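Q: I should like to learn how to read backbone angles, pockets and helix packing from a set of coordinates. May we work through one example together?

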Amino acid sequence: MSGPAPARRAAWSPSDVTATGYAARVQEVLGRALTEELPAVRRAAELVARSWAAKGLFYVFGSGHSHIFGEEAFYRAGGAVRVCPILKPAHMLHEGAVRSTVLEREHGHAESVLSDYRLDGERDVLLIASNSGANPLPVEVGQAAKARGLPLIAITSRRYASAIDRPGPRLHDIADVVVDNHCPPGDALVELGSGLPSAGPSSSVVGLALLDAIIVEALGIQIRRGETPEVFMSANMPGAAEHNREAARRMSDLVPHL
């Protein structure tokens with residue numbers, strides 16, 4: 001006798017397009033990613049903690065909307081001091097969002113992206129965030145960094161990368177540690193109805209949580225090894241101004257955005 005039939009998903013209706021519906025879907029993806037990717041998060045954190053122990057930097061890069069990963073990790077309350085974002089305006093959004101999309105699909109920009117940063121293969125580590133993991137720019141930046149000797153961490157969606165019919169390697173093919181964000185192809189989680197694109201992106205919410213999990217885990221590794229972690233304070237907390245000013249002074253020769 002056959003078992004019970006699998007449960008069917010209820011038919012779509014306009015009432016599905018709600019804040020609570022989106023929140024439920026995001027929580028589902030986030031919970032799955034944080035649970036299933038915990039071993040990868042810990043491996044990534046080991047690379048970051050090793051870099052910090054050697055007085056190296058944790059570089060973070062992404063293009064388009066993924067540039068916010070660099071800004072999330074950099075100079076923020078409760079964030080690690082030894083972080084350097086790779087921020088190139090042409091590959092962000094504020095100087096031309098459409099142009100940034102064109103550029104990340106072109107080959108040959110990696111060296112210009114890295115040109116203002118002193119990447120040290122003996123001490124530093126790089127994380128690249130790319131949801132699709134298929135565009136030439138993040139892949140080639142990763143390859144260029146690895147050629148300099150840096151370990152490479154990727155936050156990406158393997159499922160999205162595998163769904164794209166385009167030649168060339170994917171970011172997860174070249175990374176030393178892959179942290180999968182478990183986001184679907186196309187990123188969006190909420191169906192708007194027949195003939196309409198889906199809405200409610202997921203990769204930033206989930207990916208940034210994974211990034212901060214890596215950083216917190218790396219700080220914990222330092223503590224367990226008897227090292228003193230370097231962390232920025234919120235600017236409005238007592239003593240924060242002097243604390244942060246001194247931390248920025250120590251990093252100013254290494255991190256151009258300070």
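A: We begin with exposure: a residue counts as buried under 20% relative accessible area, as exposed over 50%, and as partly exposed in between. Please keep in mind that the model is predicted.

Q: Where does Lys 55 fall on that scale: buried, exposed or partly exposed?
A: The relative accessible area of Lys 55 is 48%, so this residue is partly exposed. Lys 55 sits in the loop between helix 2 (38-53) and strand 1 (58-61).

Q: What is the sign of phi at Lys 55?
A: The general idea is that most residues other than glycine have a negative phi. Lys 55, which is not a glycine, has a positive phi near 65 degrees. Tyr 75 also has a positive phi, of about 50 degrees, and is not a glycine either. Tyr 75 belongs to the loop between helix 3 (68-73) and strand 2 (83-86). With a relative accessible area of 45%, Tyr 75 is therefore partly exposed.

Q: How much space lies in the largest pocket?
A: In general, rolling a probe the size of a water molecule over the atoms shows where empty space is left. Here the largest pocket holds about 620 Å³. Its lining comprises 28 residues, of which Ser 66, Glu 104, Asn 131, Ser 132 and Asp 187 are the closest to the centre.

Q: Which helices supply at least two residues of that lining, and what is the character of the lining residues?
A: Helix 3, helix 4 (97-104) and helix 9 (203-224) each supply at least two residues. Helix 4 gives the largest share, with 4 residues. By class, the lining has 14 polar, 10 nonpolar and 4 charged residues.

Q: How does the length of helix 6 compare with the span it should have?
A: The check uses a rise of 1.5 Å a residue, multiplied by one less than the number of residues. Helix 6 (residues 136-147) has 12 residues and should therefore span 16 Å; its end C-alpha atoms are 16 Å apart, in agreement. Just after helix 6, Gly 149 has a positive phi of about 100 degrees.

Q: Why is helix 6 described as largely enclosed?
A: The reason is that 9 of its 12 residues are buried. Among them are Leu 137, Val 139, Glu 140 and Gly 142. The buried residues of helix 6 pack against strand 1, strand 3 (125-129) and strand 4 (152-156), and also against helix 4, helix 5 (110-114) and helix 8 (171-174).

Note on methods:
Residues numbered from 1 in each chain as written. Predicted model: local features only at pLDDT ≥ 70, side-chain atom pairs only at ≥ 80, totals over all residues. Heavy atoms only, no water. Buried < 20%, exposed > 50% of the residue type's maximum accessible area, 1.4 Å probe, protein only. 1 Å grid on protein atoms, 1.4 Å probe; cavity = no way out; pocket = protein on both sides within 12 Å on 5 of 7 lines; lining within 4 Å. Points joined across faces, edges and corners; volume = space filled by probe spheres on them. Nonpolar A, V, L, I, M, F, W, Y, C, P; charged D, E, K, R; others polar. Contact = heavy atoms within 4.5 Å.
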